[in-house]
Amino acid sequence: RLERLSFKGTIATLRQWAPTLAQAQSDPQQSPPLYRLMLYYIAADPVPHRPDRIEPRAKRRRPKNYPLLTKPRRIFQEILHRNRYRKDKS
């Protein structure tokens, strides 16, 4: 089944087979069997069925109350943010 194919596994298989397929392009009779064999290995590595597995998309950490550091630290000017933090002026 197509929805059970492993994307990461497919990419790994393609990377592993890339040198062999590059060499086989010079011989047209050798290419089709190699492609079929590669597709067999891709299909033989499906993502396992995991029933009742639900992973909601959510951010784990809450945003911090600090500004983004958009300049180098030595140039960055502190922006007062609801008086929650202050840089010592001494």
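**Close-up views of a two-helix chain**

The chain exposes about 9200 Å², of which carbon and sulfur atoms supply 54%. The model is predicted. It has two helices and zero strands, and buried residues make up 14% of the 90 residues in the chain. Among contacts between residues at least 6 apart in sequence, 39% join residues at least 24 apart.

**View 1. The largest nonpolar core.** Six residues form this core: Trp 17, Leu 21, Ala 24, Leu 34, Met 38 and Ile 42. Helix α1, spanning 7-24, and helix α2, spanning 31-43, each supply at least two residues of the core. Trp 17, a member of this core, is buried, with a relative accessible area of 13%. Apart from residues up to four places away in sequence, Trp 17 touches Leu 34, Leu 37, Met 38 and Tyr 41. Of these contact partners, Leu 34 and Met 38 also belong to the core.

**View 2. The surroundings of Thr 13.** Thr 13 is a residue of helix α1. Its relative accessible area is 12%, and Thr 13 is therefore classed as buried, the limit for that class being under 20%. When neighbours within four places in sequence are left aside, Thr 13 is in contact with Met 38, Tyr 41 and Ile 42. Two of these partners, Met 38 and Ile 42, are listed in the nonpolar core of View 1, while Tyr 41 takes part in the aromatic cluster of View 3.

**View 3. The aromatic cluster.** Trp 17, Tyr 40 and Tyr 41 form one aromatic cluster. The structure holds two aromatic pairs. In the pair of Trp 17 and Tyr 41, the ring centres are 6.0 Å apart and the planes stand at 40 degrees, so this pair is tilted. The pair links distant parts of the chain, with Trp 17 in helix α1 and Tyr 41 in helix α2, 24 residues apart. In the pair of Tyr 40 and Tyr 41, the centres are 5.6 Å apart and the planes stand at 65 degrees, so this pair is edge-to-face. The angle decides the description, because planes over 60 degrees apart count as edge-to-face, those under 30 degrees as stacked and the rest as tilted. The members of the cluster also vary in accessibility: Trp 17 is buried at 13%, Tyr 41 is partly exposed at 42%, and Tyr 40 is exposed at 54%.

**View 4. A nonpolar patch on the surface.** Phe 7, Ile 11 and Leu 14 form this patch, and together they have about 300 Å² of accessible area. Ile 11 lies in helix α1. With a relative accessibility of 30%, Ile 11 counts as partly exposed.

**View 5. The contacts of Val 47.** Val 47 lies in the segment after α2. Its relative accessibility is 25%, and Val 47 therefore counts as partly exposed. Val 47 and Arg 4 are 43 residues apart in sequence, yet their C-alpha atoms are 5.2 Å apart in space. Leaving aside neighbours within four places in sequence, Val 47 is in contact with Arg 4, Leu 5 and Ser 6.

Note on methods:
Residues are numbered from 1 along each chain as its sequence is written. This is a predicted model: local features need pLDDT of at least 70, side-chain atom pairs count only at pLDDT 80 or more; totals for chains, interfaces and linings use all residues. Side-chain values use heavy atoms; hydrogens and water are left out. A nonpolar core is a set of buried Ala, Val, Leu, Ile, Met, Phe, Trp, Tyr and Cys residues joined through side-chain atoms within 4.5 Å. Buried means under 20% relative accessible area, exposed over 50%, partly exposed in between (1.4 Å probe, protein chains only). Helices (H or I, at least four residues) and strands (E, at least two) are DSSP runs, numbered from the N terminus. Contact means heavy atoms within 4.5 Å. Patches are made of residues with over 30% relative accessible area and no salt bridge: like charges are joined within 9 Å, nonpolar side chains (Val, Leu, Ile, Met, Phe, Trp, Tyr) within 5 Å. Accessible areas come from the Shrake-Rupley method with a 1.4 Å probe; for residues, only the protein chains shown count as cover. A salt bridge is a side-chain nitrogen of Lys or Arg within 4 Å of a carboxyl oxygen of Asp or Glu. Rings of Phe, Tyr and Trp (its six-membered ring) pair if their centres lie within 6.5 Å; planes under 30 degrees apart count as stacked, over 60 as edge-to-face and the rest as tilted.
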